Amino acid sequence: MGENGVYNYEVSASITITGTQLNQIIALSQVYQSNWYDLSFNNCSDFVTDVLNIAGLSTLGWIDTPNTVANILNGLANNTTVSNNTPKTNKSCL
């Protein structure tokens, strides 16, 4: 996990979560940060699967690729497919 600010994205969705869900996502990110990245079993799409499940959105199983993540986000009512850049974080990442 590192600084991903100012990277381009092509699809996004706004999802409202509770404080408890936010704490679960933060704890999950710490678990992912302490594990080895593995393209097959422990990658960014796996992380998003877990986050979406915490947020209460069914992913219907494993997400294999970023394109599958994009398709799920495109299926949400409040999605956007306007290409944009992520904001630069105000917090330092290790």
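## Reading a predicted chain, from one serine to a helix pair

Guide: Let's begin with a single residue: Ser14 counts as partly exposed because its relative accessibility is 48%. Keep in mind that this is a predicted model.

Visitor: Which cut-offs put a residue in the partly exposed class?

Guide: Buried means under 20% relative accessible area and exposed means over 50%, so partly exposed covers what lies in between. Ser14, at 48%, falls in that middle class.

Visitor: Where along the chain does Ser14 lie?

Guide: Ser14 is in the loop that runs between strand E2 (12-13) and H1. Its C-alpha atom is 8.8 Å from that of Thr80, although 66 residues separate the two along the chain.

Visitor: How do I read the order of helices and strands here?

Guide: Count the elements, then follow them along the sequence. This chain has 3 helices and 4 strands, and their order is β-β-α-α-α-β-β.

Visitor: What share of the contacts links residues 24 or more positions apart?

Guide: Among contacts with a separation of 6 or more, 64% are between residues at least 24 positions apart.

Visitor: And how do I read the surface of the whole chain?

Guide: Look at the burial and the exposed area together. Of the 94 residues, 23% count as buried. The chain exposes about 6900 Å², with carbon and sulfur atoms supplying 56% of that area.

Visitor: Now the helices. At what angle do H1 and H2 cross?

Guide: Helix H1 (residues 19-34) and helix H2 (residues 44-54) have axes that come within 10 Å and cross at roughly 160°. Angles over 145 degrees count as roughly antiparallel, so H1 is roughly antiparallel to H2.

Visitor: Is their crossing left-handed or right-handed?

Guide: The crossing of H1 and H2 is right-handed.

Visitor: Which residues make the contact?

Guide: H1 contributes Gln21, Gln24, Ile25, Leu28, Ser29 and Tyr32, while H2 contributes Asp46, Phe47, Asp50, Val51 and Ile54. By type, the residues of this contact divide into 6 nonpolar, 3 polar and 2 charged.

Visitor: What about Ile26: in which helix is it found?

Guide: Ile26 is found in helix H1. With a relative accessible area of 41%, Ile26 is partly exposed. The C-alpha atoms of Ile26 and Val51 are 9.6 Å apart, with their positions 25 residues apart along the chain counted as separation. Val51 is also one of the H2 residues in the helix contact.

Methods. Residues are numbered from 1 along each chain as its sequence is written. This is a predicted model: local features need pLDDT of at least 70, side-chain atom pairs count only at pLDDT 80 or more; totals for chains, interfaces and linings use all residues. Side-chain values use heavy atoms; hydrogens and water are left out. Axes are lines fitted to C-alpha atoms, for helices over the stretch in contact, and angles run from 0 to 180 degrees between N-to-C directions. Helices (H or I, at least four residues) and strands (E, at least two) are DSSP runs, numbered from the N terminus. Angles under 35 degrees count as roughly parallel, over 145 as roughly antiparallel, 65 to 115 as roughly perpendicular and the rest as oblique. A crossing is left-handed if the near helix is turned anticlockwise from the far one by less than a right angle, and right-handed if clockwise. Contact means heavy atoms within 4.5 Å. Ala, Val, Leu, Ile, Met, Phe, Trp, Tyr, Cys and Pro count as nonpolar, Asp, Glu, Lys and Arg as charged, and the others, Gly among them, as polar. Buried means under 20% relative accessible area, exposed over 50%, partly exposed in between (1.4 Å probe, protein chains only). Accessible areas come from the Shrake-Rupley method with a 1.4 Å probe; for residues, only the protein chains shown count as cover.
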